[in-house]
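Work through the two exercises below with the sequence and the structure side by side, and try each task before you read its solution.

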Amino acid sequence: ITFLLLSRIFTYGIILVAEGYFHALVRRAIQSYIFKNYILGQWELLRNVRVGHAVNLMTTETIHLEKYYFSILKAIYYFLSTALLMSVALIIDFKITIMLIAISLPCLLFLNYLLKYQTKISNEYAKTRNKFAADVSERISGSIQIQVEGSHDYHLKTGLRTQPLMQRLEILIGYIS
């Protein structure tokens, strides 16, 4: 049992050390792939892409995607280590292990529901964040025209229109987490 515990601590330590390297490697690969597709893409398709949306995909969304990939690897590790430790627990005391499983099952089902809800909210938040980035980027790139027209109030309102929804979704995600 001591060997299992020490090996779990060791492998989790390796995961923590490798996490930064993995994040940087995967983020760079995703960003390079997206940028290459924009540069080599067909004009008919690219002319309808908002600049802010494209930039946000290359920065913020890429970071979230690589974290998602790493969480898949961590989930596999946790599943395998949990299965191994549960096997040892079943061998040591069958009745207590079954009782713990019965107590833990409702919590696991609730956690599954909570994760599905958080995923739904996170998708909505990502879409809203992309819209905000596109709105702000377009206003900043057209700032000379805004100055000439004197339409500051309209563009401020339009550029920041997604902020209340983003704030509400961020708070909701924080509560769920």
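**Exercise 1.** Decide whether F70 is buried or exposed, and then describe the ring pair to which F70 belongs.

*Solution.* At 6% relative accessibility, F70 counts as buried, where buried means under 20% relative accessible area, exposed over 50% and partly exposed in between (1.4 Å probe, protein chains only). The model is a predicted one, in which local features need pLDDT of at least 70 and side-chain atom pairs count only at pLDDT 80 or more, while totals for chains, interfaces and linings use all residues. Residues are numbered from 1 along each chain as its sequence is written, and side-chain values use heavy atoms, with hydrogens and water left out.

Next, turn to the rings: the structure holds 3 aromatic pairs (rings of Phe, Tyr and Trp, the last by its six-membered ring, with centres within 6.5 Å; planes under 30 degrees apart are stacked, over 60 edge-to-face, the rest tilted). One of them joins F22 and F70, which lie 5.0 Å apart centre to centre with 45° between the planes, a tilted arrangement.

Finally, locate both partners: F22 belongs to helix 1 (residues 2-40) and F70 to helix 3 (residues 51-92), 48 residues apart, so that the pair links distant parts of the chain (helices are DSSP runs of H or I, at least four residues, numbered from the N terminus). F22 is buried too, with a relative accessible area of 19%.

**Exercise 2.** How are the planes of Y77 and Y78 arranged?

*Solution.* The ring centres of Y77 and Y78 are 5.5 Å apart and their planes stand at 55°, so this pair is tilted. Y77 is buried at 15% relative accessible area, whereas Y78, at 30%, is partly exposed.
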